[in-house]
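Me: I am new to this structure and should like to understand the reasoning behind the terms used for it. May I put some questions to you?

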Amino acid sequence: MVSRQHDQDRQAILDWITPIDYATEQSDFISRRQEGTGQWLLNSDQFQNWVAQSNQTLFCPGIPGAGKTISSSIVIEDLYTKFQNNPTVGIVYAYCNFRRQHEQKPVDLFASLLKQLIQGLPSIPQSIQRLYEEHQQKRTRLLFDEILQALQSVAADYSKTFIIIDALDECREGGQKRFLAELLNLQARIAANLFVTSRFIPEIEKEFKGRSTQLEIRASDEDLKSYMDGHMLNLPSFVSRNENLRKEIESAIIKAVDGMYVSLMLSE
């Protein structure tokens, strides 16, 4: 009974910080991954160095439809797998989406990152418990500065923190600049590793120039082949049984989609 009450109290605090949860999106995106795809990214020197070192930024721009969101989900899944037995490593993320801009103001995004960091701890930190009790008396929510300070405080409980932000270009218009500025400030304070995807937007590229490693997201030929191999059973039998014809179709499709996953997926 005591344990159940403890769990309920813990969940009440987490929901008070923010009801937003990106776990559903992560499950959905990673489920779309064709087995074996994305290995070029995970095996790249840029990614390997990013994982191994601290206070690193890996900026991954890409054209629309290149597979940036699926790549982000692959990175998150890989980190979870790598550090599943190390509770001192924090992994937090956000999927920006222009359709959800009403709930993705900078304060909302940082609140979600805070919530995720706390979820990774065995218990609610006392500093967060105090904030909750103070605000409950006034029936108010956390202020922006309180969230940023709390993030720094909670991150100190981790030996290393990874922050993944997908589709920064879709961040709420008017709040994107502030979100990125505060994100980079937070990174500097807690020495977090930051992974960001975006379309090629000059204003965003400028912010990362000179302070990050850049790696373009682009559907590799190997990924496209893996994707098509996994869908060959959907083709007429006279195609699936003819190896030469299959290869000819694969080559034509790879050339036509020009590194864009979306073009291939929409053809289904």
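Reply: Please do. The model is predicted. A suitable place to begin is the largest nonpolar core, which has 71 residues; Phe110 and Ile165 touch the most other members.

Me: What does Phe110 touch, leaving out residues up to four places away in sequence?

Reply: Phe110 touches Phe144, Ile147, Leu148, Leu151, Phe179, Glu182, Leu183 and Leu186.

Me: How do you know that Cys171 and Cys96 are not joined by a disulfide?

Reply: A disulfide requires two cysteine sulfur atoms within 2.5 Å. The closest cysteine sulfur to that of Cys171 is in Cys96, at 4.9 Å, and this is too far for a bond. The search of the whole structure finds 0 disulfides.

Me: Why is Cys171 called buried?

Reply: Buried means under 20% relative accessible area. Cys171 has 2%, and therefore counts as buried. Cys60 is also buried, with a value of 0%.

Me: What makes the pair Lys115 and Asp15 a salt bridge?

Reply: The cut-off is 4 Å between a side-chain nitrogen of Lys or Arg and a carboxyl oxygen of Asp or Glu. The N to O distance for Lys115 and Asp15 is 3.9 Å, so the pair qualifies. Lys115 lies in helix H6 and Asp15 in helix H1, so the pair ties together parts that are 100 residues apart in sequence.

Me: Are these two residues buried or exposed?

Reply: Lys115 is buried, at 4%. Asp15, at 37%, falls between the limits of 20% and 50% and is therefore called partly exposed.

Me: How do you know that Lys82 and Asp78 form a salt bridge?

Reply: Their closest N and O atoms are 2.6 Å apart, and the limit is 4 Å. Both residues lie in helix H5, 4 residues apart, about one turn of the helix. Lys82 is partly exposed at 40%, whereas Asp78 is buried at 15%.

Me: Which side chains does Asp169 meet in a salt bridge or a polar contact?

Reply: Asp169 meets Arg199 in a salt bridge of 2.7 Å, N to O. Asp169 lies in the loop between S3 and H9, and Arg199 in the loop between strand S4 and helix H10, so the pair ties together parts that are 30 residues apart in sequence. A polar contact of 3.5 Å joins the side chains of Asp169 and Ser198.

Me: Why is Asp169 called buried, and Arg199 partly exposed?

Reply: Asp169 has a relative accessible area of 12%, which is under 20%, so the word buried applies. Arg199, at 36%, lies between 20% and 50% and is therefore partly exposed.

Key: Residues are numbered from 1 along each chain as its sequence is written. This is a predicted model: local features need pLDDT of at least 70, side-chain atom pairs count only at pLDDT 80 or more; totals for chains, interfaces and linings use all residues. Side-chain values use heavy atoms; hydrogens and water are left out. Buried means under 20% relative accessible area, exposed over 50%, partly exposed in between (1.4 Å probe, protein chains only). A nonpolar core is a set of buried Ala, Val, Leu, Ile, Met, Phe, Trp, Tyr and Cys residues joined through side-chain atoms within 4.5 Å. Contact means heavy atoms within 4.5 Å. A polar contact is a pair of N or O atoms within 3.5 Å; within protein, one must be able to donate a hydrogen and the other to accept it, and residues adjacent in sequence count only if both atoms are side-chain atoms. Helices (H or I, at least four residues) and strands (E, at least two) are DSSP runs, numbered from the N terminus.
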